[in-house]
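Me: Please take a close look at one part of this model for me: the largest pocket and what sits in it. Then tell me briefly what else deserves a look.

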Amino acid sequence: MALKQSSTWVALEQHRQALAGRHLRDLFACDSSRFQQFSLELDGLLLDYSKNLITAETLQLLLELAQQADLEGWRERMFSGELVNGTEQRAALHAALRSSDQTRLLVAGEDVRSSVRDTLTQIGALADSIRNGSYRGYAGAPISDVIHIGIGGSDLGPRLAVEALSNRHDGPRIHFVSNIDGAELAACFSQFQVATTLVIVVSKSFTTLETRANAEAVKQWFLDAGADAAAIQRHFVGVSSNREQALAFGIAPERLFPIWDWVGGRYSLWSAVGLPVAIGCGMQACHELLAGAEAMDEHFLQAPLAKNLPILLGLLGVWYVNFMGLRSHAVIPYSERLRQLPAYLQQLEMESNGKSVDRYGTPVDYATVPVLWGQTGTVGQHAFFQALHQGTQPVPADFIGVAEPLPGYEELHEQLMANFFAQTEALMHGQTAAETREQMEAQGLPADRIEALLPFRIFPGNRPSTTILLRELSPRLLGMLIALYEHKVFTQSVIWRLNAFDQWGVELGKRLADGLLPSLRGGSELAAHDASTQGLVEKYRSWRAGTPPRQHD
Ligand code: F6P
């Protein structure tokens, strides 16, 4: 049956109309147990969803929608290694990477548990030897700097984790290089010595243009410094599912780690892609990260739907996108160490669910993923919060805070957290005309000034937000947080009937870029391209060469 024709969908649309006009302020005023009713805690992670535009009935209907979509069945299929990624005929078993369950787990007849364990042991040994200085470079020196080359899922996860755990970082410095404008590489080349630098090349396909180009540039840097093929082997580590290409590039087989077909790039932090965390913070931190993610997996599998954190988070998103018509979602971590979280979630959510045909190839007639964006608080307060509070488009937002301060910065932390709590209250409650007038009267403003300023100083409120409060930013809680969002995305994909694990939408641009590269170098005709692209490339070529562009008639 078409999703929008289902009785639950229709009931949710009617319910949304019935809710129109209810203000969050009133929902709180008439129910003193709203926080208790709409918040849940799991091992130091508190999810407060009480400041959302929902009632118990909303949740009831959304849970029915989840059941109707067979969320429990799809969850079971994913965890048992079925080929839930239909277009690529692959399983999506990232949860197996963090599972301590001894039960045999088969993917296409292969028990994957032992290869997962072996890889963990190997990266642990490599990380330990780098950290304790016993791993030596070609000139006999220990490693002081690591350049991690990768993009998208081969970059964002370790980048997020290394920054989030920076207070535990006691190993070599880690530098991430993903873009190909040379800026990140230039910074590395000007600061590091080849003799003390280790390079990790991460690419599931090992064909990604950016990663290949950056890896070649770093290899050239080594060659220019006099390193030979054996030295390069010593200094390069690979993580890929394309063994052949990685070996051909010059990675030594003993330092080439797998990404399995059944692990999507944006779900790969839990594999050898997480090596920078092991090198920077030690293998113990990696184990804690994995254990945190596993705890969230268990919760996702076992908790009843109505008490299931990722499911609730996913359903709230569906409510806003499909029934309230809100197509934008903000992620605002009040922690500088979580500053990569919006970028990480952008890929996780938008690459997974940014689709307009369902898993059967049928165009959908409902909205799917919202535009996800964000910035740390309080930095964002001084940039886009004006629009969050008084703009015409309400933007549901996730606020993520950490209770434990950085040692020595307790007072700053208190000020940060006062802002954290104040913002969601302000968004929810707003400030009525009467309250605004009263405030200005208390400030002693003259009556005519008060009336003139009044419309500008009213806050409508009723702006939904979800708060995630972590007891501390430990590896374990970070693992829980990331897995929470992974399963949120999966939940939404099931409701929207999408395959969350392919990404065909990135292909066209890549192919066109490949075709345009010779034209940029002047070697091929532009006639096949549209007039705008022709004009832009010609201007680019002329500016690069100092020659005038062809005149258009
Ligand atoms: O952007 C497309 C994409 O394929 C992502 O899905 C992936 O995370 C990224 O490129 C990098 O791919 P690879 O690990 O194969 O280099």
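Reply: The largest pocket holds about 1100 Å³ of space. This is a predicted model, so treat every value here as computed from it. The lining of this pocket counts 44 residues. Nearest its centre lie Thr208, Glu351, Gln503, Val506 and Lys510.

Four helices each give two or more residues to that lining. They are H7 (156-164), H9 (209-224), H15 (341-353) and H21 (507-520). H21 gives the most, with five residues. By class, the lining of the largest pocket splits into 17 polar, 14 nonpolar and 13 charged residues.

Now the ligand. It sits in this largest pocket. Around the ligand there are 13 residues. Those that come nearest are Gly153, Ser154, Ser203, Ser205 and Thr208. Thr208 thus appears twice: it is among the residues nearest the pocket centre, and among those that come nearest to the ligand. The shell around the ligand has eight polar residues, three charged and two nonpolar.

Look next at individual polar atoms. Serine 203 places a polar side-chain atom 2.6 Å from an oxygen atom of the ligand. Glycine 153 uses its backbone instead: an N or O atom there lies 2.7 Å from a ligand oxygen. Glutamine 347 brings a polar side-chain atom to 3.2 Å from an oxygen atom of the ligand. On its own, the ligand has 390 Å² of accessible area, and the protein covers 85% of that.

There is a further pocket to inspect. The second largest pocket has about 330 Å³ of space. Its lining is made of 16 residues. Ser335, Glu336, Leu406, His413 and Leu416 lie nearest the centre of this second largest pocket. Helix H17 (residues 410-429) supplies the largest share of the lining, five residues. The classes here are eight nonpolar, five polar and three charged.

Two backbone details are also worth checking on screen. Start with the peptide bond between glycine 377 and threonine 378. That bond is cis, with omega about 10°. Threonine 378 is in the loop between strand E11 (371-374) and helix H16 (385-390). The second detail is glutamine 89. Its phi is near 50°, a positive value in a residue other than glycine. Glutamine 89 lies in the loop that runs between helix H5 (71-79) and strand E3 (106-107). Both details stand out because most peptide bonds are trans, and most residues other than glycine have a negative phi.

Definitions and conventions. Residues are numbered from 1 along each chain as its sequence is written. This is a predicted model: local features need pLDDT of at least 70, side-chain atom pairs count only at pLDDT 80 or more; totals for chains, interfaces and linings use all residues. Side-chain values use heavy atoms; hydrogens and water are left out. A residue is near a molecule or strand if one of its heavy atoms lies within 4 Å of it. A polar contact is a pair of N or O atoms within 3.5 Å; within protein, one must be able to donate a hydrogen and the other to accept it, and residues adjacent in sequence count only if both atoms are side-chain atoms. Accessible areas come from the Shrake-Rupley method with a 1.4 Å probe; for residues, only the protein chains shown count as cover. On a 1 Å grid over the protein atoms alone, a cavity is a set of points where a 1.4 Å probe fits but cannot get out, and a pocket is an open set with protein on both sides within 12 Å along at least five of seven lines; lining residues have an atom within 4 Å of a point. A molecule sits in a cavity or pocket if more than half of its atoms lie within 2 Å of its grid points. Ala, Val, Leu, Ile, Met, Phe, Trp, Tyr, Cys and Pro count as nonpolar, Asp, Glu, Lys and Arg as charged, and the others, Gly among them, as polar. Grid points are joined across faces, edges and corners, and a volume is the space filled by probe spheres set on the points.
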